[in-house]
Structure formats: C-alpha cells, structure tokens
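Hi everyone, thanks for coming. I'd like to walk you through one structure today, starting with its sheets and then moving on to a helix. Have a look at it while I talk.

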Amino acid sequence: MNKVLKIMFFKSLGLILVVLFLAQGVYAAGPEIVDLGSSANFAILGKSGISTTGTTSIVGNIGVSPISSTAITGFGLMMNPLNTFATSSLVVGKAYAADYSAPTPVTMTTAISDMETAYTDAAGRTNPTATELGAGNIGGMTLAPGLYKWSTGVTIPTNLTLAGGPNDVWIFQIGQTLDVGTNTAIVLSGGAQAKNVFWQVASQATLGTTSDVKGIILSKTAIVMNTGTKLNGRALAQTAVTLDAVTVMAPHNQRVSQMRRLLAINERRARFDESHRMLLVDRRNQRDEQERRILIRNESITNVEQAVVVNSTTN
C-alpha cells in the first residue's frame, strides 16, 4: 500500500468513527434518550384540546387528535387554501387537527401514537438512579443526569438545577402529579439541553405562574400552564393542554438535527474522497507522463544507436 493510499485509509477510518460517535450518542451520561417519533414535530400536542387566553407565544407546531379543530380555542385560526393546516398570529408554526384534509388526519394519528409510545417508553425505564428522592419535593436540588422515580407526585417549589453536558439525559418518572411553583425555574447548567430532559407524569402537570420550565412533558392526562409560564420544551398531553399568556419554545427536532450532522459529515467525507481521487489521478498522470518521456528518450537513444550502426556499416 503506497503512502497516498495509507493516508486515505486512515483518514476515512477516522471519519467513519466520527459518524458512529454521533449516530450512537456515545459519551452521554444518564439513560438513553426517549424517542418521540413524529410527535417531536410539535411544540404542543393534545388528544382532547388546546386552549389559550391572554397573549400567548408559541414557536413550533400545535395539533389535536382525535378531537376536531373546534377544540383548538383562543388562537384565531386561519385555514390554508388546501384545508390541511391553519395558522395563527400566536404561533410561529402551524396548527393541525384530525378533521383537516388529507394527509393531515393520518399525520395526526401517527403523532398521537408516537406520543403515547414515548410515554410508555419513559414510564417503563428500569434501574433508576434514585427513588422517592426528597419524598417528592426536589426544590433547591442539583441533579446529575439519570433516571429518577417516584410513586407519588413531585413538587418543585424552588429552583431545580440539572447539571450535565449537552448529550446527557434526565428522565423523571412521576407516579402522580407534577407541580412547579410560582416563579420557580428549572435551571440547566454545564451545557445541558432541554431536548434531553423528559418529565413522564402519570397525572396532571401544572406549571405555576411565571415559572420557567425546561424539558419534554409527557403527561398521561392534562398539562396546565399558568399566567406567564415559559416552557423551553414540548407539552405532550393525552388529554388537554391549557395555556394562559405563556411562552413555549420547542427545541430542535432531535432526529432532524442528528441527520443534518450526519449529512454534513458525509458531505465532508465526499469532498475528502473526491480531493484524494483527484490527487491519485494527478499522480497517475504524472507517472504516465514520466513513462511517456522515458519511452521518448529510449526511442531517441535507439534511433541514435541505429544511426551509428548504419553509419558504421556504410563506412
């Protein structure tokens, strides 16, 4: 194996290892991430309705199913010409419902099913890092990545800090209700990301007035967000979502972000392969040129030798 081929081999091997690193999410502390499926396309998702009062701001899509669009209230929806989605001045995104035109009904059925699957996945995780922590009161704590389980409800009356890296994962299995106190914040430190925090709540999740919450809320029943609440995450409820002048910012779609990274790596690898292919072609052309010159030189020498022989014979 010549030097150029060795360089190509080891650099390509390095790129393959990087792809595997990103694809498998190695070096992430805590449990494996919960796959939201197509429900990750929504900031708010409910089976029996989404209602808002006051000046709400949502960045991301909202949707309901199997209930009809009449259960989306307070948004002043405006239907698109094809009747496949609606828009609202309160939503930077689109609104979808089960009674809209195809393919929206199938899309919504799938999203709801994926939400329920994600809930079941989160609820079924085993080997918790801690159980019944703080007897259900975790205000003021700093928690490392992990799986935390309670058979009771959980209250967060004062700030809770989640400390970890950008790939680390937290799953909170809550057997009853989740109550976040007024003015209480979920603080992310060390690069921790909201998209990797999962609140699996067996009953209602209530976010207190002007609270600041991070993570994906997977509620078996309702999600209530009181006045001035901020949610950096998703509200995915198996009944209704109620809002009062809140702000919801959906994190990046996990699958899309990962696919974009992998595509970027593949593009860089393709450019790398092409540059080395051109290098090999150039080297081959140089070798061919050298061989051509050698042949010309040898032919010249042969011609001279023949001329000498002929001249000697003539003399």
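Before the sheets, one bit of vocabulary: when I say that two strands pair, I mean that DSSP finds at least two bridges between them. And please keep in mind that this is a predicted model.

So, how is the bigger of my two topics, the strands, put together? Let's take the sheet that runs β5-β2-β22-β20-β18-β15-β12. It is an open sheet of 7 strands, and the pairing is parallel. Which strands stand at its edges? They are β5, residues 72-73, and β12, residues 154-156. Each of these has a single partner strand, so one side of each is left without a neighbour in the sheet.

Let's zoom in on one pair from that sheet. Strand β15, residues 178-180, runs parallel to strand β18, residues 205-207, and 3 bridges join them. If you want a spot to find on screen, look for D179, which stands opposite T206 in β18.

Now to another open sheet, this one of 3 strands, ordered β10-β13-β16 and again with parallel pairing. Here the edges are β10 (142-143) and β16 (186-189); each has a single partner strand, and so one side of each lacks a neighbour in the sheet. Strand β13, residues 160-163, pairs with β16 in the parallel sense over 4 bridges. Within that pairing, T161 has V187 of β16 as its bridge partner.

On to the helix I promised, α2, which covers residues 104-123. Does its length add up, or what should we expect? With 20 residues at 1.5 Å a residue, α2 should span 28 Å, and its end C-alpha atoms are 28 Å apart, so the two agree.

Which residues of α2 are buried? They are T104, M108, A111, I112, M115, A118, Y119 and A122. Looking down the axis of α2, these buried residues fall within an arc of 120°, which means that they line one face of the helix. Turned away from that buried side is a face carrying the exposed residues V106 and T120.

Let me finish with the whole protein. Its secondary structure comes to 3 helices and 23 strands. Of its 315 residues, 40% are buried. Among contacts with a separation of 6 or more, 53% are between residues 24 or more positions apart. Finally, the protein exposes about 15,800 Å², with carbon and sulfur atoms supplying 58% of that.

Thanks, everyone!

Key: Residues are numbered from 1 along each chain as its sequence is written. This is a predicted model: local features need pLDDT of at least 70, side-chain atom pairs count only at pLDDT 80 or more; totals for chains, interfaces and linings use all residues. Side-chain values use heavy atoms; hydrogens and water are left out. Helices (H or I, at least four residues) and strands (E, at least two) are DSSP runs, numbered from the N terminus. Buried means under 20% relative accessible area, exposed over 50%, partly exposed in between (1.4 Å probe, protein chains only). Contact means heavy atoms within 4.5 Å. Accessible areas come from the Shrake-Rupley method with a 1.4 Å probe; for residues, only the protein chains shown count as cover. The expected span of a helix is 1.5 Å times one less than its number of residues. The arc is that of the directions from the helix axis to the C-beta atoms.
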